[in-house]
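Biologist: Please take a close look at the surroundings of the ligand. I should also like to see how the residues there connect with other parts of the chain.

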Amino acid sequence: MAANPAPTSAAYDVERVRRDFPILNTTVNGHPLVYLDSAASSQRPLQVLRAVEDYETHSHANVHRGVHALSQAATAAYEGARERVRRFINAGSTREIIFTRGTTEAINLVAQAWARNRLGPGDEILITALEHHANIVPWQMVCEQTGCTLKVAPINRRGELEFDAFAKLLGPRTRLVAVAHVSNALGTILPVERIIAAAHAAGALVLIDGAQAIPHARVDVRALGADFYTFSGHKLYGPTGIGVLYGREELLTAMPPWQGGGDMILTVSFEKTTYNALPWKFEAGTPNMSGAVGLAAAMDYVETLGIEAIAAHETHLLELATAALTRIPGIELIGTAAHKAAVLSFTMQGVHAHDLGTILDSQGVAVRTGHHCAMPVMTFFGVPATARASFGCYNTEGEVAALVSALGKAREVFG
Ligand code: PLP
């Protein structure tokens, strides 16, 4: 790891950014909050809170169904948010942007509407050993439903994908490759361009779980060539309960609807029901309009700061924290990939991660402890759990120092 961390850009004014997040002024156990849990859920800036409040105050009604003015305002806000998402990830059309509850629902949608309808015995789905449960369990369910097989590409002790082993697992039976863009448990950035190229060469489709990548990297789905790309609003400084499935139009068109109900139909009779066009075919029921509006505002916010500037700032903090934690006796970093995003997982010798988390919390430092919905990763590294510090656009060097100092205190407490 870098002994001399890359400096953050002088133009990036983190104190200015922090003023947009009033929750960061919270005091916890008599200490200023040090929020290092953005990988679980990031905080929302005033710009997002105000956009949601403005929608709820002035524009709310049900969408798509009303001729009255408020319904039209709500529809314009909701469909405007879809266009905002399209631009953010450079999709070719809003027909390719399906609003979901989050990454989990987006992956389940593909599992049930694409995989369940197409796969059978002899077919294979290939994932990696570092996936979040949201990118494991839906495929296991499809395997139970269809008789297809789940294959898992291995990782090494640094938490990197063993690419050659991955490539060997690809073959004519592989129908779908589903991989994280960034690992939530380890911070590893996966070589998704190479993965997509290799999978396509083998004739497989590719789903990228972008939940941890979207807040840290510019995602251009067309340049990437992914067939499906999924993410959640709440990890991108937006609201909970809103997320996105991007899918290539040709694939989405050929997929049957997943859930049935209002909004996803054109006509209903007891004899025959016909389905709505994309993207509404996959959005049964009243959608999360205020969530979509908040997500669009979050994307505006991120673009105002500049995703590259945010990423450079976070990389600086990650390198600083990595160097500092490496010097603390008894701390072991879990996940030391050459290419990492803003996640630092670690254990402290002789201390359960939950006890460590409690001691850190007593000093106002919020980190996540547990298996991070990635139990196979914990099993691979032979640990029941880790503590995980993760960085967002608002974290500071001072907060890295607070983490290091709190870990020093924990060391004293636990001897
Ligand atoms: N995939 C990854 C890599 C994640 O980190 C997460 C959440 O932590 C998810 C999927 C699931 O996201 P959500 O709970 O927002 O659906």
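Modeller: Contact, a term used throughout this answer, means heavy atoms within 4.5 Å. The model is predicted, so that local features need pLDDT of at least 70 and side-chain atom pairs count only at pLDDT 80 or more, while totals for chains, interfaces and linings use all residues. Residues are numbered from 1 along each chain as its sequence is written, and side-chain values use heavy atoms, with hydrogens and water left out.

I begin with the ligand itself. Its shell, taken as residues with a heavy atom within 4 Å, draws on several stretches of the chain. Gly-102, Thr-103 and Thr-104 belong to this shell, as do His-132 and Ala-134. Asn-184 is also part of the surroundings, together with Asp-209, Ala-211 and Gln-212. Ser-232, His-234 and Lys-235 complete the list.

Three of these residues place a polar side-chain atom against an oxygen atom of the ligand. For Thr-104 the separation is 2.6 Å. For Gln-212 the value is 2.7 Å, and for His-234 it is likewise 2.7 Å. Each is a polar contact (N or O atoms within 3.5 Å; within protein, one must be able to donate a hydrogen and the other to accept it, and residues adjacent in sequence count only if both atoms are side-chain atoms). Taken alone, the ligand has 390 Å² of accessible area, and the protein covers 85% of that area; areas come from the Shrake-Rupley method with a 1.4 Å probe, and for residues only the protein chains shown count as cover.

Ser-232 deserves separate attention within the shell. This residue is placed in strand β9, which spans residues 228–232. Helices (H or I, at least four residues) and strands (E, at least two) are DSSP runs, numbered from the N terminus. At a relative accessible area of 4%, Ser-232 is buried; buried means under 20%, exposed over 50%, and partly exposed in between. The side chain of Ser-232 makes a polar contact of 2.5 Å with that of Thr-103, and Thr-103 is itself a member of the ligand shell. Beyond four places in sequence, Ser-232 touches Gly-102, Thr-103, Ile-242 and Gly-243.

His-234 leads on to the loop between β9 and β10 (243–247), where Thr-240 is found. With residues up to four places away in sequence left aside, Thr-240 touches His-234, Arg-44 and Asn-288. In contrast to the buried Ser-232, Thr-240 is partly exposed, with a relative accessible area of 47%.

His-132 offers a link to a distant part of the sequence. Its C-alpha atom is separated by 8.3 Å from that of Met-375, although the two residues are 243 positions apart along the chain. Met-375 lies in helix α13, residues 375–381, and is partly exposed, at a relative accessible area of 45%.

The loop between β16 and α13 contains His-372 and also Cys-373. Both residues have an unusual backbone for their type in one respect, which can be stated plainly: phi of His-372 is positive, near 55 degrees, in a residue other than glycine, and Cys-373 likewise has a positive phi near 55 degrees. His-372 is buried, with a relative accessible area of 6%, whereas Cys-373 is partly exposed at 33%. The C-alpha atoms of His-372 and Thr-240 are 18 Å apart in space, across 132 residues of sequence.

Helix α5 (residues 137–146) can be described by its buried residues, Pro-138, Trp-139, Val-142, Cys-143 and Thr-146. Seen down the helix axis, these residues fall within an arc of 145 degrees, so they line one face of α5; the arc is that of the directions from the helix axis to the C-beta atoms. Their cover includes one helix, α4 (103–118), and the strands β5 (124–128), β6 (149–153), β7 (174–180) and β8 (205–209). After α5 comes Gly-147, with a positive phi near 85 degrees.

Helix α12 (residues 353–362) may be set beside α5. Ala-353, Leu-356, Gly-357, Ile-359 and Leu-360 are its buried residues. They lie on the same side of α12, because the arc that they cover around the axis is only 165 degrees. They pack against β14 (343–348), β15 (365–366), β16 (368–370), β17 (386–390) and α14 (397–414). Gly-364, which follows α12, has a positive phi near 85 degrees.

How values were computed: Buried means under 20% relative accessible area, exposed over 50%, partly exposed in between (1.4 Å probe, protein chains only).
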